Amino acid sequence: MLYNSLNSSIRIHGAEMDYISFGNGDRNLIMIPGLGDSLKTVKGTALTFALMYRMFAKEFRVYVFSRKNPIEKNCSTRDMAADLAYAIRQLGIQKASVMGVSEGGMIAQHLAIDYPEITEKLILAVTLCKPNKTSEKVLSNWIALAEKNDFPGLFSDMSEKIYTPKRVKAQRPFNCILAAMSKPKDLQNFIIQANACNTHDSSELIHAIECPVLIIGGEQDQTVGAEASYEMARLIKGSQLKMYDGYRHGVYEECKDFNRAVYDFAK
């Protein structure tokens, strides 16, 4: 397939973990998606990701890992990092640059802390090291909507919080249709992972991260707040901080410079 893209899965502790890979490089880059992964895993998306991140294909072999399914009720972001480390070792990956987005960034922090031998470089995008007023309010509302099985309401509020006003305005008339097309079988995985985000706290541990770190945030982030990125930059000595003015939580989708910043740092 194009860019040597591959859809696959791995058995892990009695569960299934979907992952995709692409690229022909001799260095590894691991991507960990955010909370949206609980609604739809990366299954079947290898070609889509390969096209989105094609600039990485020559230099890297890129792996994108979902969370295992089913996932335990009280699974924490640290537990998810342990699951990921297990999968990485099963695939024979010795070392990699790691990029975590949102919840994926929380998992990536624990991966770098607990498994430093795996993590060569670390990119933390629109994430946090501990809950704050912004994240707690947003996540608590999303959990409440999910518990009521109000997926249209959840989908709409996620869109309003994540994207720039321009995209929100353009997408708003189609939210009902998009929600109907993307509704998962149930929202239990979402609730479990959202609770894991709401209880994530690595603030007393991330000072121990020794690999090079790039932190990327959106100045207008309404999901975790811009201050979350500044806080991590203060706690991780020697880290680089890149903030995008005019962007919210979805900077990784909307900003044309995002992939270049990650590529330049990882390379």
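**Exercise 1. Classify the exposure of the two residues in the salt bridge between Glu16 and Arg11.**

Step 1. Arg11 has a relative accessibility of 52%, so Arg11 counts as exposed. The cut-off used here is over 50% for exposed.

Step 2. The model is a predicted one. In it, Arg11 is joined to Glu16 by a salt bridge, and the closest N and O atoms are 2.9 Å apart.

Step 3. Glu16 has a relative accessibility of 28% and therefore counts as partly exposed.

**Exercise 2. Describe the salt bridge between Asp257 and Lys242, and say where each partner lies.**

Step 1. The closest N and O atoms of Asp257 and Lys242 are 3.8 Å apart. A salt bridge requires such a pair within 4 Å.

Step 2. Asp257 is in the loop between H10 and helix H11 (258-266), while Lys242 is in strand S8 (residues 240-244). The two are 15 residues apart, and the pair links distant parts of the chain.

Step 3. Asp257 is partly exposed because its relative accessibility is 31%. Lys242 is also at 31%, so Lys242 is partly exposed.

Step 4. Elsewhere, Lys68, Glu72 and Asp83 form one network through salt bridges that share partners. A search of the whole structure gives 14 salt bridges.

**Exercise 3. Decide whether Glu254 is buried or exposed, and find which side chain of opposite charge is nearest.**

Step 1. Glu254 belongs to helix H10 (residues 251-254).

Step 2. Glu254 is buried. Buried means under 20% relative accessible area.

Step 3. The nearest side chain of opposite charge is that of Arg167, 5.1 Å away, and Glu254 has no salt bridge. The salt-bridge cut-off is 4 Å.

Step 4. Leaving out residues up to four places away in sequence, Glu254 touches Ile162, Tyr163, Thr164, Arg167 and Tyr247.

**Exercise 4. Work out how helices H4 and H5 are oriented relative to each other.**

Step 1. H4 covers residues 133-147 and H5 covers residues 151-162; their axes are 9 Å apart, at an angle of about 160 degrees.

Step 2. Angles over 145 degrees count as roughly antiparallel. H4 and H5 are therefore roughly antiparallel to each other.

Step 3. H4 and H5 cross in a left-handed way. Residues making the contact include Trp142 and Leu145 of H4 and Leu154 and Met158 of H5.

**Exercise 5. Do the same for helices H2 and H3.**

Step 1. H2 (residues 77-90) and H3 (residues 103-114) have axes that come within 8 Å and cross at roughly 65 degrees.

Step 2. Angles of 65 to 115 degrees count as roughly perpendicular. H2 and H3 are therefore roughly perpendicular to each other.

Step 3. The crossing of H2 and H3 is right-handed. Among the residues that meet are Met80, Leu84 and Ile88 in H2, and Met106, Ile107 and Leu111 in H3.

**Exercise 6. Describe the backbone at Pro70, Asn4 and Val126.**

Step 1. The peptide bond from Asn69 to Pro70 is cis, and its omega is near 5 degrees. Pro70 sits in the loop between strand S4 (60-69) and H2.

Step 2. Asn4 is not a glycine, yet its phi is positive, near 55 degrees. Asn4 lies in the segment before strand S1 (6-12). Its relative accessibility is 41%, so Asn4 counts as partly exposed.

Step 3. Val126 also has a positive phi, near 40 degrees. Val126 lies in the loop between strand S6 (119-125) and H4. Its relative accessible area is 1%, so Val126 is buried.

Technical notes
Residues are numbered from 1 along each chain as its sequence is written. This is a predicted model: local features need pLDDT of at least 70, side-chain atom pairs count only at pLDDT 80 or more; totals for chains, interfaces and linings use all residues. Side-chain values use heavy atoms; hydrogens and water are left out. Helices (H or I, at least four residues) and strands (E, at least two) are DSSP runs, numbered from the N terminus. Buried means under 20% relative accessible area, exposed over 50%, partly exposed in between (1.4 Å probe, protein chains only). Lys and Arg count as positive and Asp and Glu as negative; His and the chain ends are not counted. Contact means heavy atoms within 4.5 Å. Axes are lines fitted to C-alpha atoms, for helices over the stretch in contact, and angles run from 0 to 180 degrees between N-to-C directions. Angles under 35 degrees count as roughly parallel, over 145 as roughly antiparallel, 65 to 115 as roughly perpendicular and the rest as oblique. A crossing is left-handed if the near helix is turned anticlockwise from the far one by less than a right angle, and right-handed if clockwise.
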